[in-house]
Amino acid sequence: MSETDEDALNRPAPDDQHDDIYDEEGYVRHDFLTLVGAAIADRDVLFLRQHVARLHESELGDLIEAIQPDQRLELVKLLGDDFDLTALTEVDEAIRMQIVDQMPNAQIAAAIGDLDSDDAVYILEDLDDEDREEILAQLPFTERVRLRRSLDYPESSAGRRMQTEFVAVPPFWTVGQTIDYMRDEEELPESFTQIFVIDPTFKLLGAVDLDRILRTKRQVKVETIMRETNHPIPAEMDQEEAAQLFEQYDLLSAAVVDENERLVGVLTIDDVVDVIQEEAEEDLLRLGGVGDEELSDSVRETSRSRVPWLAVNLVTAFLAASVISLFEATIEEIVALAVLMPIVAGMGGNAGSQTMTVTVRALATRNLDIHNAWRVVRREAGVGLLNGMVFGILIGIVAALWFQDPNIGGIIATAMLINMMAAAIAGILIPLLLDRIGADPAVASAVFVTTVTDITGFFSFLGLAAWWFNIR
């Protein structure tokens, strides 16, 4: 027996409970990572099959993200057919592509055949056209057609996120026939909560919940117990809008229909939860001007994603600097102005960011529209006035005592009031305007709001100082 084999046999096994791969803070345990890393280095397939292949897809995804980049592909190779490809739907796109690009198309095709259609589409949609077609060509005809139909729908649409496996029956079937069908049919979805009712052309007529099926006598026809599907989701609908329907109507699943109202799939709550998280992360990243950046991106990719808005910020910074240059003589005479003016602009910028964040989120969740916009504008203006008075008085007192000059205190207090008002109004009007013209307020608002608060802050403070000390 080789030394490597002895090490593999002597390697301690982790606890059998799946939850034990995480520490108290929810991260993958360091000792488990060490064991897995050693098993990969020793090519200990037995250990990996016993303690890694058995993990839930989300746990396996966390493990893949936690191990070293050079270990990821080796882990997939060592597990072979035991590797659950669904785990790749739980990792960053960059990591997923790093692994998939190195996997043979035949292995991907074999693994995709065992996946739910929505998970299969999630992996296939990022592949090159040539690789995707080669993989699809190796799948059974029916499965290939279903996946191609989903891939034909726009990215981030309900059609891309739907699952094409569902249970549908004609309205004239009895409950008994439906139950027998579900017992005998082998290719049913692994889990489902409702049965759809369709006509011969696959047009959606209604749905029946499983609990209703179980409570009804066998001889009753399905059409007498079905309910009308009030919220079918068009396949072309944006996934964020579909998620809002789930939230509004407390849905667990919903039928997805094409332009002819024919049933083409079902959207389930587990996919919608992923959509909600994905959209929330996207909005948060866009507010910071970093697009769809991920932690696994390279230095070059990360830099490239941040450069555009940093360049725009540079231009707007020059605008603010040009305002300061107008009052160069005043600043030279009164040094206190140079010390205090960043406070006015900084406070205004923070106040504007608060209002802007609330506004962008309200627009994303459709809680803010043309009907209630004026009321919200008045509220934010009131908040800006109140906060401007409070902090204006506070900074005015501090500045007067600091520089032993009540004039400085009065000027900065007034400038603070003006800029806080401008910040509140800009923080709501700019996102509303961008949304109205079709631009993404989450991406563009921050730069413009900061520009407004910087220019207003500098101009009001330095302008008031120049005017006041000139008339004295």
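Helices here are DSSP runs of at least four residues, numbered from the N terminus. With that in hand, let us walk through this predicted model, starting at its nonpolar surface.

**A nonpolar patch on two helices**

Helix H19 (335-364) and helix H20 (373-403) each contribute at least two residues to a nonpolar patch. The members are Val 335, Val 339, Leu 386, Val 390, Phe 391, Leu 394, Val 398 and Trp 402, and together they show about 750 Å² of accessible area on the surface. H20 gives the largest share, 6 residues. One of the members is Val 398, which sits in helix H20. Its relative accessible area of 41% makes Val 398 partly exposed, because that class lies between the 20% and 50% limits.

**Salt bridges**

Side chains of opposite charge can pair when their charged atoms come close. The structure holds 13 salt bridges; here are three of them, with the distance from N to O.

| Pair | N to O distance |
|---|---|
| Arg 43 and Glu 74 | 2.5 Å |
| Asp 82 and Arg 49 | 2.9 Å |
| Arg 148 and Glu 133 | 2.5 Å |

Take the salt bridge of Arg 43 and Glu 74. This pair links distant parts of the chain, 31 residues apart: Arg 43 lies in the loop between helix H2 (30-41) and helix H3 (45-51), while Glu 74 belongs to helix H5 (residues 69-79). Arg 43 is exposed, at a relative accessible area of 53%, whereas Glu 74 is partly exposed at 22%.

Next comes the salt bridge between Asp 82 and Arg 49. Asp 82 is in the loop between H5 and helix H6 (93-100) and Arg 49 is in helix H3, so this bridge ties together parts that are 33 residues apart in sequence. Asp 82 is partly exposed, with a relative accessible area of 37%, and Arg 49 is partly exposed at 45%.

The third example joins Arg 148 and Glu 133. Here helix H10 (residues 141-152) holds Arg 148 and helix H9 (residues 129-137) holds Glu 133, with the two residues 15 apart in the chain. Arg 148 has a relative accessible area of 31% and is partly exposed; Glu 133 is partly exposed as well, at 38%.

Salt bridges also form a network, which links Glu 125, Arg 160 and Arg 161.

**Aromatic pairs**

A search of the whole structure turns up 5 aromatic pairs. Phe 327 and Phe 459 have ring centres 5.8 Å apart and planes at 70°, so they count as edge-to-face. This pair, too, links distant parts of the chain: Phe 327 is in the loop between helix H17 (299-325) and helix H18 (328-333), and Phe 459 is in helix H22, 132 residues apart. Phe 327 is buried at 12% relative accessibility, but Phe 459 is partly exposed at 47%.

Trp 467 and Trp 468 form a tilted pair, 6.0 Å from centre to centre and with 55° between the planes. Trp 468 counts as partly exposed, at 32% relative accessibility.

**A buried serine in H22**

Finally, have a look at Ser 445, found in helix H22 (residues 441-471). Ser 445 has a relative accessible area of 0%, so this residue is buried. Leaving aside neighbours within four places in sequence, Ser 445 is in contact with Met 356, Val 360, Ile 430, Pro 431 and Leu 434.

Note on methods. Residues are numbered from 1 along each chain as its sequence is written. This is a predicted model: local features need pLDDT of at least 70, side-chain atom pairs count only at pLDDT 80 or more; totals for chains, interfaces and linings use all residues. Side-chain values use heavy atoms; hydrogens and water are left out. A salt bridge is a side-chain nitrogen of Lys or Arg within 4 Å of a carboxyl oxygen of Asp or Glu. Buried means under 20% relative accessible area, exposed over 50%, partly exposed in between (1.4 Å probe, protein chains only). Contact means heavy atoms within 4.5 Å. Patches are made of residues with over 30% relative accessible area and no salt bridge: like charges are joined within 9 Å, nonpolar side chains (Val, Leu, Ile, Met, Phe, Trp, Tyr) within 5 Å. Accessible areas come from the Shrake-Rupley method with a 1.4 Å probe; for residues, only the protein chains shown count as cover. Rings of Phe, Tyr and Trp (its six-membered ring) pair if their centres lie within 6.5 Å; planes under 30 degrees apart count as stacked, over 60 as edge-to-face and the rest as tilted.
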